[in-house]
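Visitor: I would like to learn how to read cysteines, an annotated span and a surface patch in a model such as this one. Could we go through them in turn?

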Amino acid sequence: MKKKVPFVEPSEHSECGLACVTMILNYYKDSVTLNQLRDIYGVPKGGNTLLNLKEILEERGIETKAIRVLELDILMEQTEPVICFWENRHYVVLERLTKDFAVILDPAEGKKKIPLAEFEALFTDFALLVEAQDVTIQRTEKRKNAALSIFKRIFKEQKLKASVFIGLTLLIQGVSILVPRLTQLIIDRSQASNQLITQIGWGILLMFIAYYLLQVARGLTLIVLENLFDLTLMKAFMRKIMHLPLRFFVNRSTGDLIFRANLSVIIQQIMSQRMLTLFVDFLFVFIYLILMLAISPQMTLIAFAGAIVMGGISFVNSKKVQAITDKELLAQSRVQRILVELFEGMETVKSSGSEKQFYNKWLGNFRQQIDLRVEKDRFSTWVRTIQTSIQFILPVLLIYIGVFQLMDDQLTLGQIISFNSLAGAFITPIVVVFDSYTEILLLRSYFGKLNEILDASETRKKPKGAVKVKEIQSLDVRSVSFKYSRFEENILEDISFSVKAGEKIAIVGKSGSGKSTLLKLLAGLYEPTEGAIEVNQQDLRTINEESIKRVTSIVNQKPTIFNASLLENIVMNQEEFDEQRLEQAIYDSRVSEIIQNLPLGLETPISEGGMNLSGGQMQRISIARALVKETQLLLMDEPTSSLDNISENFIMNQLKHYSFTCIVIAHRLNTVRHFDRILVVDQGRIVEEGTHETLIQKKGYYYSIYHEPTESSVEGPFFSTEY
């Protein structure tokens, strides 16, 4: 094989195939990123098929052949990377296969070398071979690293502070250079006059004061720079997170996102404490070398040889440490994901008796993380000990060589001691410079993980002069179709309907028919694959996002309650709100019943995720949150599924008295009988439309689900026997 395949880590579940495709394309100098491929092709539920991967590669100029492998000899003959189907559920890239081992790039675990027997056990017979590449296909140009660009901007904006820090470091090193010379002077002039000895004493005191003040000044400057690094990077990260579309988060783990956010602290420490001093360290290597040569070229040669050996050891250590660190980051991310899943789902874990299962899952991944750390530390211990041993013995060796020159009157005792001090100061920057290479490699790994977020495509930017909406007069859905991935069937197919201002619309249908997806499209959380949604005859994609959110309220199927007071959970981001409207919203949503049982009323603190509330109470709060807003359009996704029949009927009846337009996905059909219109959805299409009475009289699909028998003798999720 000509070169190594670059590893690409997926950030969503089910996209191992897309990650493997990205590795192949990067191998052939196509700098496309996983983010870009995801934006173009999407990720189907359950992941891509081998034929999907073949289609993507061929569109980008890589001719492939999908085969069933009956003999491994065909894979051993390959000189180009191969995508292999793995464990009947996964994809990996095969970089090399021999009679003894295989080198694979597993999106879930990184690059690894495994025995041939293990490869045979895990390989699931199907592979995608590269046959040819078309260099005439336009390839994606390599993008700038977004995270690195942020640091360049910081340095550019903070040139003065960075220059002050570097200048202070230079002065500190300059003061340090005086120490060997002063040492030589004290030893060689030990028999000098009392006046000279007194002057040397004052010099020592002045050096101490200067060194102390310079170190304090540099430390204070570094604190300012560190805070700027951390604040700027995290602001960029959080700003990006807030502007990413909802679909970015659908398949991503909360734990993984938190883990990536925390990497900014590590990056800041490396950049501020190591990279800023790298230039100074490199410069003083030459200064110390010149001073050493002036004393003894022979001893300088020995010190230089020792420094080169130690630098080479650091270089070897860096490569290995970086390779293990990449795997360790993957393991740490998995552990973080498991912990977040456990904490967020503790009620389910406890109620299902799954504690042992989650503990074993966590323990297995945590042990893998520990094993990787041990492997890295063990390797560094063996290699680094050579380095420290050389550092330990080198001063003795230099004194041993220097004694011979002392006996030949080539050096004084003071010069030998002075040279030893210079040699120590010379070797330290050498080791630091080579160690900085390790840090640079680690930064590349950290930047890669952070950049995956910073480089993600944001919600489509609105054109300049985007239309601002103050009120919603009409809502039109025109031939809308939607799917998450190019390789999936449409979830919604050719949906069209219109809504007048103030109209109350119900959307009904069986689970999986596309109702919730349609509501997310109406809310602007997703964009249609085909067709358009228009507000006041303007395409929703061209309307100012802030203005449309100001006049739209959404009640989600699974509302989120935050760790704040009940009042703050209701009014959310409204700095000013109408007290009378708040009281009305609390009454109409029956939150008033919740308040009666709370010791502090509206000021009662709510646990994170609403752990101290029932599902029905959380739904009431989310409805109050929507009603307290001066909204023009209310979108509700099964808002009363956890409520009792009395509360549900009360709330739905109260909605009739509001003037806003309302579109509700109904859980129980008897609660929407009085709505102006009912849209019946089945398999992504509107199959019926009309009032409750007209739809019942038609005895079509609505009639069948309204009277469909369920386990309940009175009513189920789709019907009521009362009409």
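Visitor: Why is the sulfur of Cys-20 not in a bond with the closest cysteine sulfur?

Guide: A disulfide is a covalent bond between the sulfur atoms of two cysteines. The criterion here is a pair of cysteine sulfur atoms within 2.5 Å, and the sulfur of Cys-20 is 6.1 Å from the closest one, in Cys-16, which is too far for a bond. Cys-84 is in no disulfide either, the nearest cysteine sulfur, that of Cys-20, being 9.0 Å away, and the structure holds zero disulfides.

Guide: A word on the source: this is a predicted model, in which local features need pLDDT of at least 70 and side-chain atom pairs count only at pLDDT 80 or more, whereas totals for chains, interfaces and linings use all residues. Residues are numbered from 1 along each chain as its sequence is written, and side-chain values use heavy atoms, with hydrogens and water left out.

Visitor: Is Cys-84 buried or exposed?

Guide: Buried means under 20% relative accessible area, exposed over 50%, and partly exposed in between (1.4 Å probe, protein chains only). Cys-84 is buried, at 0%, and Cys-20 is likewise buried, at 0%.

Visitor: Which residues does the annotation "domain: Peptidase C39" cover?

Guide: According to the unreviewed UniProt entry, that annotation covers residues 9–130, and UniProt annotations may be inferred rather than shown by experiment. The end C-alpha atoms of this span lie 21 Å apart.

Visitor: Where is Leu-213 found?

Guide: Helices are DSSP runs (H or I, at least four residues) numbered from the N terminus, and Leu-213 is found in helix H8, residues 194–243. Leu-213 counts as exposed, at 51% relative accessibility.

Terms used:
Helices (H or I, at least four residues) and strands (E, at least two) are DSSP runs, numbered from the N terminus.
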